[in-house]
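Trainee: Could you walk me through one part of this model in close detail? I'd like to see how the sheet is put together and what sits around it.

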Amino acid sequence: MANAKIIQAKQQEVDSIATKLRESTSTVVADYRGLNVAQVTLLRKQLREAGVEFQVLKNSLVSRAAASAELSELDAVLTGPTAVAFGTDAVAPAKILSDFAKKNDALKIKGGIVDGRFYDAAQVKALADLPSREGLLSMLLSVLQAPVRNFALAVKAVSEKNEASA
């Protein structure tokens, strides 16, 4: 009877992890071995502020969930202690973990899944170097505004020249 309850509880956890894997735009797997409690607390705070969920999970449960979500490529990085960051922003989990890893050598990024594709550690770090979604949108807005701004300046210059010559 107790075994059935344990199995049911584990299956519910696997289902929960599989749902997070499917719904997350970006999932990053990291080795947190060597971080102290204060460092993990700081990392969790930074991730939470960005809307990223961070959990320490058993590799076997993540592996079953990944298989259920048809993301079994993730098995390649499920060795040793594993912490998983689930985010709806494609860049945020990678950026926060990568920045934190630069200051804390103990945190090692293992890999992840972004938009359903497996990324190894190097690809996750490259993704972290991209600007955030807000940064990209602001760059796009700037590019879109430039022609309108230049046109307005040209019209203003023509009108001032006509006024000066009149």
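**A close look at the sheet**

Mentor: Let's start with a pairing: strand 1 (residues 26–31) and strand 3 run antiparallel to each other and are joined by 5 bridges. Keep in mind as we go that this is a predicted model.

You can pick out individual partners along that pairing. Thr27 has Phe86 of strand 3 as its bridge partner, and Val28 stands opposite Ala85, also in strand 3.

Now look at the other neighbour of strand 1. Strand 4 is antiparallel to strand 1 too, with 6 bridges between them. Val28 turns up again here, since its bridge partner in strand 4 is Gly112. So Val28 has Ala85 of strand 3 opposite it and Gly112 of strand 4 as a bridge partner.

Back to strand 3, which also pairs with strand 2 (residues 53–56): these two run antiparallel and share 4 bridges. Val56 is bridged to Ala83 of strand 3, while Glu53 stands opposite Phe86. That makes Phe86 a good landmark, as Phe86 is also the strand 3 bridge partner of Thr27.

Put the pairings together and you get an open sheet of 5 strands in the order 2-3-1-4-5, with antiparallel pairing. Strand 2 and strand 5 (117–120) are the edges, each pairing on one side only. From one strand to the next, the twist averages 20°. As a general reminder, strands of a sheet pair through backbone hydrogen bonds, either parallel or antiparallel.

How covered are the strands we began with? Take strand 1: 6 of its 6 residues are buried, so the rest of the structure largely encloses it. In a regular strand, side chains alternate between the two faces of the sheet. For strand 1, one side has Ser26, Val28 and Ala30 and the other has Thr27, Val29 and Asp31, and all of these are buried. Both faces of strand 1 are covered, in other words.

Strand 3 (residues 83–87) tells a similar story, being mostly covered with 5 of its 5 residues buried. Ala83, Ala85 and Gly87 are on one side of strand 3, Val84 and Phe86 are on the other, and both faces are covered.

What lies across the sheet? Helix 4 does: helix 4 lies across strand 1, strand 2, strand 3 and strand 4 (108–114), and runs at about 25° to strand 1.

Helix 4 (residues 92–103) has a helical partner as well, because its axis and that of helix 5 (residues 121–128) come within 8 Å and cross at roughly 100°. The two helices are therefore roughly perpendicular to each other. On the helix 4 side of this contact you'll find Ala94, Lys95 and Ser98, which meet Val124, Lys125, Leu127 and Ala128 of helix 5. Sort the residues of that contact by type and you get 4 nonpolar, 1 polar and 2 charged.

While you're on helix 5, find Gln123, which has its place there. Gln123 is partly exposed, at a relative accessible area of 36%. For a sense of scale, the C-alpha atoms of Gln123 and Val56 are separated by 22 Å, and the two residues are 67 apart along the chain.

Next, helix 3 (residues 59–68), where Asn59, Leu61, Val62, Ala65 and Ala66 are buried. Looking down the axis of helix 3, those buried residues fall within an arc of 160°, so they line one face of the helix.

After helix 3 comes Glu70, with a positive phi near 60°, and Glu70 is not a glycine. Glu70 sits in the loop between helix 3 and strand 3. Its relative accessibility is 70%, so Glu70 counts as exposed.

There's a comparable spot in the loop between strand 4 and strand 5, where Asp115 lies. Asp115 has a positive phi near 50° and, again, is a residue other than glycine. Asp115 counts as exposed too, at 60% relative accessibility.

One last stop takes you away from the sheet itself, to helix 6 (residues 133–165), where Ser159 has its place. Ser159 counts as partly exposed at 31% relative accessibility. The C-alpha atoms of Ser159 and Val91 are separated by 46 Å, with their positions 68 residues apart along the chain.

Terms used:
Residues numbered from 1 in each chain as written. Predicted model: local features only at pLDDT ≥ 70, side-chain atom pairs only at ≥ 80, totals over all residues. Heavy atoms only, no water. Axes fitted to C-alpha atoms, helices over the stretch in contact; angles between N-to-C directions. Parallel < 35°, antiparallel > 145°, perpendicular 65-115°, else oblique. Contact = heavy atoms within 4.5 Å. Nonpolar A, V, L, I, M, F, W, Y, C, P; charged D, E, K, R; others polar. Buried < 20%, exposed > 50% of the residue type's maximum accessible area, 1.4 Å probe, protein only. Arc of directions from axis to C-beta.
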